[in-house]
Amino acid sequence: MQANGFERSKADPCLFYTWRNEGLVIWVTWVDDNMVIAPPNIVEREKDMMKKHFECDDIGSLSEYIGCKIEKSNTSRAIKITQPVLVQSLQDEFELPNGVPPTTPAK
């Protein structure tokens, strides 16, 4: 990644970023899963660059990544990331139906 002009984030060693003429490019890598965040006109070029160095499968637009559900709004240019599986497992573990805690500390 660094050979292609990316810097590793000090906050997260799995996040790499660089500025191209067209804008910011962010790569997130977790084991063998990768995600690129960039303006649309840059994404294909960045994926092609990565394919030159690694064997990659392009699964298209991202809807899930390492247990997170990802929703993108083109109109508001917003990204919503949730972890519904984790939330459900915590609700089950602590017996919180619909995420509502008991009204008293004792059952």
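**A walk through the three-stranded sheet**

Let's start with strand 5 and strand 6: they run antiparallel, and two bridges join them. Keep in mind as you look around that this is a predicted model. For a residue-level view of that pairing, find E64, which sits opposite K69 of strand 6.

Now move across to the other partner of strand 6. Strand 6 covers residues 68-73, strand 7 covers residues 78-82, and the two are joined by five bridges, again in an antiparallel arrangement. One contact to pick out here is K72, whose bridge partner in strand 7 is I79. Strand 6 and strand 7 form a hairpin with four residues between the strands, and in this hairpin R77 adopts a positive phi near 55°. If you're scanning backbone torsions, R77 is the residue to click on for that positive phi.

Put the pieces together and you get an open sheet of three strands, ordered 5-6-7, with antiparallel pairing. Its edges are strand 5, at 64-65, and strand 7, each of which pairs on one side only.

Finally, let's step back along the chain to V31. This residue lies in the loop that links strand 3 (23-30) to strand 4 (33-37). Is V31 buried or exposed? V31 has a relative accessible area of 74%, so it counts as exposed, the cut-off for that label being over 50%. V31 also gives us a way back to where we began: its C-alpha atom is 9.9 Å from that of I66, although 35 residues separate the two along the chain.

Key:
Residues are numbered from 1 along each chain as its sequence is written. This is a predicted model: local features need pLDDT of at least 70, side-chain atom pairs count only at pLDDT 80 or more; totals for chains, interfaces and linings use all residues. Side-chain values use heavy atoms; hydrogens and water are left out. Two strands pair if DSSP finds at least two bridges between them. Buried means under 20% relative accessible area, exposed over 50%, partly exposed in between (1.4 Å probe, protein chains only).
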